[in-house]
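Student: Could you take me closely through the helix packing in this model and the core that goes with it? I would like each term pinned down as you use it, and the surroundings added at the end.

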Amino acid sequence: MAENSKVVIPKKKSKIKDSWSDRIFVGSIYVFLTLVLVVVLYPLIYILSASFSDPAAVTSGRVWLFPVNPTLEGYTTVFKNPQIILGFSNSFFYAVVGTLISVSITIMLAYPLSRPTFFGRNFIMILLVFTMIFDGGLIPLYLVVKNLQLLDTIWALLLPSALAVFQVIIARTFFQSTIPNELVEASEMDGCSDINFILKVVLPLSKPIIAVLVLMYAVGKWNTYFDAMIYLKSEELFPLQLVLRSVLILNVDPNGDVMQLLKAQGLRELMKYSLIVISSLPVLIIYPFVQKHFVKGVLIGSLKG
């Protein structure tokens, strides 16, 4: 080593102190976000506490934050109703099967539209966007479902709403920014077919956008009730949301004894909060597992072109 060589010691970066105006601004942001959190979080806490409280405490307004005289009477009443259990299982079926169908169709449509070599992709995109702006309305859609003999069947809730153009646009943008053309050309040189390329390359690289599509479609399928109210007549096909509407809004008792119990013991309000918690629970369970991929997929699919 040369004698005149010197060891350079990096200097510590001095921390820049924030001014009083910056501190006040940051503090005001924290205060505002805290208030927003309280406003959003309190109704959720209240619903959860009310579902475990005594019926008399709920109806008298004594429940504010924590459960009063905790009880599981509301949940017991809910699960004693076989129509609600059947509606829960129907909603689970519609959400799982409907999401599988919707995600498959969306990927099969979005990926070809993302490739510049696909002939007519711009024209197809124009047609898709056109359907977002102009809608035929409820009556033509009902007539189409009726002519296809889908009324009062499970397919009436699965096929008419199987594709959402907004999700196609997000998935198309994701594929354009994530799957380079060089990767496609390399697979073609190796003799890889389009189906194998999608299954072995595109799908493993598309976990974020798949999580986005699964969450969007699953929440929509789980919360749907209007399509069921229009297309279904058989109560054994009703999803949970339509059963809740019948029990809580229309005061219809599927069994003939539950509503009498509610009126006699004042359980109607307690049952309402319990049903809200039960119907929201599946979405709350799924979201933490897909949250990481969901945020990444939305950002890539919506911001990059």
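Tutor: A crossing is called left-handed if the near helix is turned anticlockwise from the far one by less than a right angle, and right-handed if it is turned clockwise. The helices themselves are DSSP runs (H or I, at least four residues; strands are E, at least two), numbered from the N terminus. The model is a predicted one, in which local features need pLDDT of at least 70 and side-chain atom pairs count only at pLDDT 80 or more, while totals for chains, interfaces and linings use all residues. Residues are numbered from 1 along each chain as its sequence is written, and side-chain values use heavy atoms, with hydrogens and water left out.

The chain has 15 helices and 0 strands, and the pair H4 and H11 is a good place to begin. Their axes, which are lines fitted to C-alpha atoms over the stretch in contact, with angles running from 0 to 180 degrees between N-to-C directions, come within 8 Å and cross at roughly 140°. H4 is therefore oblique to H11, since angles under 35 degrees count as roughly parallel, over 145 as roughly antiparallel, 65 to 115 as roughly perpendicular and the rest as oblique. In handedness, H4 passes H11 in a right-handed crossing. The contact (heavy atoms within 4.5 Å) involves, among others, Phe 88, Phe 92, Gly 98, Ser 102 and Ile 107 on the H4 side, and Ile 210, Leu 213, Tyr 217 and Trp 222 on the H11 side.

H11 also packs against H8, at an angle of about 175° and with the axes 10 Å apart, so H8 is roughly antiparallel to H11. Here Phe 166, Gln 167, Ile 170, Ala 171, Phe 174 and Phe 175 of H8 meet Pro 208, Ile 209, Leu 213, Met 216 and Tyr 217 of H11.

Several of these residues recur in the largest nonpolar core, where a core is a set of buried Ala, Val, Leu, Ile, Met, Phe, Trp, Tyr and Cys residues joined through side-chain atoms within 4.5 Å, and buried means under 20% relative accessible area (exposed is over 50%, partly exposed in between, with a 1.4 Å probe and protein chains only). Of its 21 residues, those touching the most other members are Tyr 111, Leu 128, Ala 171, Phe 175, Phe 197, Ile 209 and Leu 213. At least two residues each come from H4 (82-114), H5 (121-133), H8 (165-178), H10 (194-205) and H11 (207-223), with H8 giving the most, 6 residues. Setting aside neighbours within four places in sequence, Phe 197 is in contact with Tyr 111, Ile 179, Leu 183, Val 184, Ser 187, Cys 192 and Val 202. Apart from this core lies another, of 20 residues, among them Tyr 75, Leu 158, Val 243 and Leu 275.

Buried positions include polar residues as well. Ser 279, placed in H15 (residues 268-303), is buried because its relative accessible area is 11%. A polar atom of the Ser 279 side chain lies 3.0 Å from the backbone oxygen of Ile 276; a polar contact is a pair of N or O atoms within 3.5 Å, and within protein one must be able to donate a hydrogen and the other to accept it, with residues adjacent in sequence counting only if both atoms are side-chain atoms. Beyond four places in sequence, Ser 279 is in contact with Trp 222, Leu 240, Gln 241 and Leu 244; Trp 222 is also one of the H11 residues that meet H4.

Ser 49, in H1 (residues 20-51), is likewise buried, with a relative accessible area of 6%. The side chain of Ser 49 reaches the backbone oxygen of Leu 65 at 2.5 Å, and, residues up to four places away not being counted, Ser 49 touches Val 63, Leu 65, Phe 66 and Pro 67.

For contrast, Gln 149, in the loop between H6 (138-147) and H7 (155-158), is exposed, with a relative accessible area of 68%, and has a positive phi near 60° although not a glycine.

Over the chain, 33% of the 305 residues count as buried, and, of contacts between residues at least 6 apart in sequence, 73% join residues at least 24 apart.
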